[in-house]
Amino acid sequence: MTGYSVEIIESSKELTAREKIAIKDFSNACAMDTELADENAVINITPAAYAILKVHNEHSKNDKEYKKYLITDKAGNKFVTGSDSFFTSFIEIFRAMEKDAPGEEYTIEVYKKPSRNYQGKHFLTCSILP
């Protein structure tokens, strides 16, 4: 036993066995937090699907259990973050597009914004591009 496991809590689509294995491995995913280390950086993603993952990691210095949000794009690229603020914005866009424009392709821009509550800190969020 490695003390590390990943469980799929929710997915935007029905996953094949191969897709389930691939989604649980986010070691080859673009880590949004790292890519956006420069506060002026942005990531553009054309979402295809998402998954919410529950990670159990005995070797974690902080929480042993935490969530990761994984987004896949049309090209099959994976993007991962633990940011609740990002996912709150993302899921609102994702659900609105599914409801009001099913099948329409769109792109989101992921970026950092300064926190109003914590001076000098930033949080991840996203917006749909026109």
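**Reading a predicted model, feature by feature**

Modeller: Threonine 125 counts as buried, because its relative accessibility is 8% and the cut-off for buried is under 20%. Keep in mind as we go that this is a predicted model.

Colleague: Good to know. Where is threonine 125 found, and which residues is it in contact with beyond its sequence neighbours?

Modeller: Threonine 125 is found in strand 8, residues 122–128. Leaving aside neighbours within four places in sequence, threonine 125 is in contact with Ser85, Phe86, Ser89, Glu109, Val110, Tyr111 and Lys113. With serine 89 there is a polar contact, side chain to side chain, at 2.9 Å.

Colleague: Let me try asparagine 57. Is asparagine 57 buried or exposed, and what does its side chain reach?

Modeller: Asparagine 57 is found in strand 4, residues 47–57. Its relative accessibility is 14%, so asparagine 57 counts as buried. The side chain of asparagine 57 reaches the backbone nitrogen of histidine 59 at 2.9 Å. Beyond neighbours within four places in sequence, asparagine 57 is in contact with Gly3, Tyr4, Lys64 and Tyr66.

Colleague: Now the rings. How do I read an aromatic pair, and how many does the structure hold?

Modeller: Look at the distance between ring centres and then at the angle between the planes: under 30 degrees is stacked, over 60 is edge-to-face and the rest is tilted. The structure holds 7 aromatic pairs. In one of them, tyrosine 69 and phenylalanine 87, the ring centres are 4.3 Å apart and the planes are at 10 degrees, so this pair is stacked.

Colleague: Which parts of the chain does that pair tie together?

Modeller: Tyrosine 69 lies in strand 5 (residues 65–73) and phenylalanine 87 in helix 3 (residues 84–100), so the pair ties together parts that are 18 residues apart in sequence. Both tyrosine 69 and phenylalanine 87 are buried.

Colleague: And how are the rings of phenylalanine 87 and phenylalanine 90 arranged?

Modeller: Their centres are 5.9 Å apart and their planes are at 35 degrees, so phenylalanine 87 and phenylalanine 90 form a tilted pair. Both lie in helix 3, 3 residues apart, which is about one turn of the helix. Phenylalanine 87 counts as buried at 8% relative accessibility, and phenylalanine 90 is buried with a relative accessible area of 0%. Ring pairs also link Tyr50, Tyr69, Phe86, Phe87, Phe90 and Phe94 into a cluster.

Colleague: On to the sheet. In what order do the strands of the open sheet stand?

Modeller: Read a sheet from one edge to the other, noting which strands pair and in which sense. Here the open sheet has 5 strands in the order 1-4-5-6-2, with mixed pairing. Strand 1 (4–11) and strand 2 are at the edges, each with a single partner strand, so one side of each has no neighbour in the sheet.

Colleague: Where does the mixed pairing show up around strand 6?

Modeller: Strand 2 (residues 30–31) pairs with strand 6 in the parallel sense over 2 bridges, and cysteine 30 stands opposite phenylalanine 79 in strand 6. Strand 5 pairs with strand 6 in the antiparallel sense over 4 bridges; there, leucine 70 has valine 80 in strand 6 as its bridge partner.

Colleague: Which way do the residues of strand 6 point?

Modeller: In strand 6 (residues 78–81), Lys78 and Val80 point one way while Phe79 and Thr81 point the other way, and all are buried.

Colleague: What about the hairpin of strand 5 and strand 6: how many residues are between the strands?

Modeller: There are 4 residues between the strands, and glycine 76 takes a positive phi near 90 degrees in this hairpin. Alanine 75 is found in the loop between strand 5 and strand 6. With 67% relative accessibility, alanine 75 counts as exposed.

Colleague: Last one: pockets. How is empty space found, and which residues line the largest pocket?

Modeller: Rolling a probe the size of a water molecule over the atoms shows where empty space is left. In this model, the largest pocket has a volume of about 200 Å³. Its lining is made up of Lys13, Leu15, Glu19, Ala22, Ile23, Ala48, Ala49, Thr72, Asp73, Gly76 and Lys78.

Colleague: Which element gives the largest share of that lining?

Modeller: Helix 1 does, with 3 residues. Helix 1 (17–24), strand 4 and strand 5 each supply at least two residues of the lining.

Conventions. Residues numbered from 1 in each chain as written. Predicted model: local features only at pLDDT ≥ 70, side-chain atom pairs only at ≥ 80, totals over all residues. Heavy atoms only, no water. Phe/Tyr/Trp six-rings, centres within 6.5 Å; stacked < 30°, edge-to-face > 60°. Buried < 20%, exposed > 50% of the residue type's maximum accessible area, 1.4 Å probe, protein only. Pairing = 2+ DSSP bridges. Polar contact = N/O pair within 3.5 Å; in protein donor to acceptor, adjacent residues only side chain to side chain. Contact = heavy atoms within 4.5 Å. 1 Å grid on protein atoms, 1.4 Å probe; cavity = no way out; pocket = protein on both sides within 12 Å on 5 of 7 lines; lining within 4 Å. Points joined across faces, edges and corners; volume = space filled by probe spheres on them.
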